[in-house]
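Q: Can we go through this one together? I'd like to start with the sheet and then look at the cores.

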Amino acid sequence: MAKYLLLKHYRGAPAPVNNVPMDQWTPAEVSAHVQFMHDFAVRLEETGEYVDGQGLAPEGTWVRYDGEGRPPVTDGPFAETKDLIAGWMVIDVDSYERALELAAELSAAPGAGGEPIHEWLELRPFLSAPPTITE
Amino acid sequence: MDELLLRRLTPRVIGILVRRGADFAAAEDAVQDALVEALRTWPADPPRDAQGWLVTVAWRRFLDAIRADSARRRREDLVESEPAPGPATAVDDTLRLYFLCAHPSLTPSSAVALTLRAVGGLTTRQIARAYLVPEATMAQRISRAKRTVAGVGLSPAGAEPDAPGRPDRAGDVATVLRVLYLVFNEGYSGDVDLAAEAIRLTRQLAASIDHPEVAGLLALMLLHHARRAARTQPDGSLVPLAEQDRGRWDTTLIAEGVQILQAALARDRLGEFQAQAAIAALHADAQRAEETDWVQIVEWYDELARLTDSPVVRLNRAVAVGEADGPRAGLAALAELDASTRDSSAKAHPLPRREAVAAYLHERAGDLATAARLYAEAAHRAPNLAERTHLTHQAARLNARLRP
């Protein structure tokens, strides 16, 4: 088994095929999309491949240490940040091919006109623990 | 198995162990062990005397623990001098536990966790699941909380809940209510219904202390819990108050909440929770959304603003003003709020739902384009997925109407 992170981006991913902002969809299309996302997570739980999923607020802050006894330095949010993560799903699957297959299914979530969004998702393998048997 | 009985007995059994000489932290650990043991064995082999069983098992666990700790061996003397607990003190013990678990030196998350375990009788695993954190994390949070209150004590002589000015005193009523409010309002998932648990704990508190704000909080919880079935759609999306199927509101809970609230208000010691409950009661009173007495609701928001001076209250007041006197008046109330919160701190922490309220008022005023834009902005800033979906829906609905 191998764990993968599926990343969805607010910004920074190549434009999807069906590129219409969500507030321009019909209410029924919004409902269909939400239902699809929900059903997808439930199905992965049933197949024993779902680990975790969370959405992130779009506003973030950069923070760094500024020396002993001083408050942290903060900056941002930067409107020009190239890459902005919207949320993630962690899956635990048997193969890279299965991870690709699931990511593609998620990318087919319906958008405007009820058509698949073809959204670009980023698939990142977890660095795992070292195996016991190495030779 | 009656898990609720088990939970109800938990604070009492802790009290009994403490009166036998155990310190709070050790007693609480021992009772938690007994609780886990009960959950495991009772389904197949239920005891005749549940409380007696718990006391025996917990006391044995406590003794095992101190025997294992050689430095504390002298405490074994305690075994010889077990005082028989009197039934009359069980209520006081439970009350002291509430105050101890909400001690002002605890952070809100620690106070919530400790209250749910020691007063609520939930296991660490159940609490961890409810708040979506690993069990080990929750276990650490609870033991740190117990170390924090270690010096406070739970002895019958100490910890008079309302004694003012004592540096070691347990939390006052207000902090206990704050903890119970958090459990009710920020309940997540898991196999435990935290809203129902908060109501049970508040009901139990109301039975042991005579305080109008305790009654006010209980009424507030009951009146909101009554709407639960109507509040969400099967897919988890939110149904706003005005669109809820009021036939699905629980009239028994409403009647109880209103009765408790009226008795509290008659005492003429108004507080924040009573005022909030009064607003909830006015909503409950309307058979249809159009029959809501918004004028009275505005008056209650005025009371609340006097009691708390919170921008969130004034935001909700703007909505009520919009219903009572029309959307233009609501927008004027919102502009007043904007003017008074326009400083650097407000900019760093924008008021949640301000855009959603503005969008609603603009839509009522007939400015659909502004409303659609504000709904989309509100969705962008929504603090949770259910609200984001709801607000995106509103934007989509208006944009569909605006398309030629």
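A: The chat below covers a sheet in chain A and then the nonpolar cores; the model is predicted.

Q: OK, what is the strand order in the open sheet of chain A?
A: The order is β2-β5-β1-β6, and the pairing of these 4 strands is antiparallel.

Q: Which strands stand at the edges?
A: β2 (50-55) and β6 of chain A do. Each has a single partner strand, so one side of each has no neighbour in the sheet.

Q: How much are neighbouring strands turned against each other?
A: By 20° on average, with direction ignored.

Q: Does anything pack on it, and if so, which helix?
A: Helix α2 of chain A, residues 96-107, packs on the sheet and touches β1, β5 and β6 of chain A. The direction of α2 makes about 135° with that of β5(A).

Q: Back to β1(A). How many bridges pair β1 with β5?
A: Strand β1 (residues 2-11) and strand β5 (residues 84-93) of chain A pair over 9 bridges. One of the pairs is His9(A) with Ile85(A).

Q: And how many join β1(A) to β6?
A: 4 bridges. Tyr4(A) is partnered with Pro125(A), and Leu7(A) with Glu122(A).

Q: New topic. How many residues are in the largest nonpolar core?
A: 116 residues. Among those with the most contacts inside this core are Leu17(B), Leu223(B) and Tyr375(B). Helix α10 of chain B (residues 212-225) gives the largest share, 9 residues.

Q: Is there a second core, and which residues does it include?
A: A separate core of 8 residues includes Tyr4(A), Leu44(A), Met89(A) and Leu102(A).

Technical notes: Residues numbered from 1 in each chain as written. Chains lettered and ligands numbered in written order. Predicted model: local features only at pLDDT ≥ 70, side-chain atom pairs only at ≥ 80, totals over all residues. Core = buried A, V, L, I, M, F, W, Y, C linked by C-beta atoms within 7 Å. Buried ≥ 20, exposed ≤ 12 C-beta atoms within 10 Å, placed from the backbone. Helix = DSSP H or I, 4+ residues; strand = E, 2+ residues; numbered from the N terminus. Pairing = 2+ DSSP bridges. Axes fitted to C-alpha atoms, helices over the stretch in contact; angles between N-to-C directions. Contact = placed C-beta atoms within 7 Å.
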